[in-house]
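Take the sequence and the coordinates together and follow the chain through one strand and its partners, then through two loop residues.

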Amino acid sequence: MDKLIIGDVELDNRLFIGTGKFPNKKIIPDVIKSSESKVITMALRRVDLKSKEENILDYIPKDYILLPNTSGARNADEAVRIARLAKAMGCGNWIKIEVISDNKYLLPDNYETIKATETLAKEGFVVLPYMSPDLMAAKNLVNAGAAAVMPLGAPIGTNRGLETKELIRILIDEINLPVIVDAGIGKPSHAAEAMEIGADAVLVNTAIATAGDPINMGKAFNLSVKAGRIAYLSKTAPEKEFAEASSPLTGFLNK
Ligand SMILES: CC(=O)[C@@H](O)[C@H](O)COP(=O)(O)O
C-alpha cells in the first residue's frame, strides 16, 4: 500500500482511531491491533500521569503515534495551552487542534483553530486541525503551517457519514496537504466513500467504540479504508446519466 506522509513520518495505514466511548478500556489494545491503525488520538483531559487510577496511555502500546487532541478548548489560547501540556507530559509533538465553543453541534471554530495552528506550528508541533470544510479556512491553515487538514464529515458522534462530501471534495482538489476526514463517519462504507473520492485518511472513534463488537468493527474499518484507497488509485469509472449496455449490442443489431 502506498504511504501517507505527515510531517516527517511515513504511515502505511490510513485509518486513525480515537479512544473515547469504549465500553471498557481493556479492549483498546485489541482494537488497535484489529484496525491496524498507527495513529491514536486521545483527549488530553483523559490523561492524568499523576493519578494512581488507570490512565488511557496504559492502553496504547508504545510504538504508536499519539495524537493528543485539544478537546475541551473553547478558544485558541486554551488549545495552545493544552498542546504545550501534552508535549511536556511526553505525548510527542503531534497535536490535533479541536476548538469548539458550540455544545449542541460541536462544530469547530475555524478562526480560533487557525490562530492556534499558527502558534503551535511555529513551536515545532505537527499540527492536525479539525475544521469545518471551508476552502478559505483550509488555505489559511496551510499558510499557518498545518501538517494536514481534518474536515468533518458530519458532527462528532452522529455516525451520519459524508454529509459534507462536496465541500471535502473541493479541499481534496485544492489543498496541497493530506486531507483526513474526521468525525461523523458511522460505517465502513462511509470510510470507503471518503477514500474513494481521494481523502488521504480517515479518523473514526464513535462508530468503532460503540459498535456491538468494537474489535471486529475496527477490522471492518481497516479493510474498507484499504479498499477505498485502492479504488481511488484505480480511478473509479465515470457515472453516466443514461443506461449503457455492458455487452455492446452493435454486432447483434446489424444482423
Ligand atoms: C476522538 C476525536 O477526535 C473525535 O473528536 C473525532 O472527531 C471523532 O469523531 P467520531 O466520534 O464522530 O468518529
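The paragraphs below deal with a strand and its neighbours, and then with backbone angles in two loops.

The model is predicted. Begin at strand E3, which spans residues 15-18. In a regular strand the side chains alternate between the two faces of the sheet. In E3, Leu15 and Ile17 lie on one side, while Phe16 and Gly18 lie on the other. These four residues are all buried, so both faces of E3 are covered.

E3 has pairing partners in two other strands. With strand E10 (residues 201-204) the pairing is parallel and runs over three bridges; here Phe16 has Leu203 as its bridge partner. With E4 the pairing is also parallel, again over three bridges, and Gly18 is matched with Thr41. Between E3 and E4 the chain passes through H1, and this β-α-β crossover is right-handed.

The loop that leads from helix H1 (28-35) to strand E4 (39-43) contains Glu36. Most residues other than glycine have a negative phi. Glu36 departs from this, with a positive phi near 60°. Is the residue buried or exposed? Glu36 has 18 other C-beta atoms within 10 Å, and since a buried residue needs 20 or more and an exposed one 12 or fewer, Glu36 is partly exposed.

A positive phi also appears at Leu106, which is not a glycine; the value is about 55°. Leu106 sits in the loop between strand E6 (94-97) and helix H3 (110-122). Leu106 counts as partly exposed because 18 C-beta neighbours lie inside 10 Å.

How values were computed. Residues are numbered from 1 along each chain as its sequence is written. This is a predicted model: local features need pLDDT of at least 70, side-chain atom pairs count only at pLDDT 80 or more; totals for chains, interfaces and linings use all residues. Two strands pair if DSSP finds at least two bridges between them. A crossover is right-handed if, with the strands pointing away from the viewer, the path from the first strand over the helix to the second runs clockwise.
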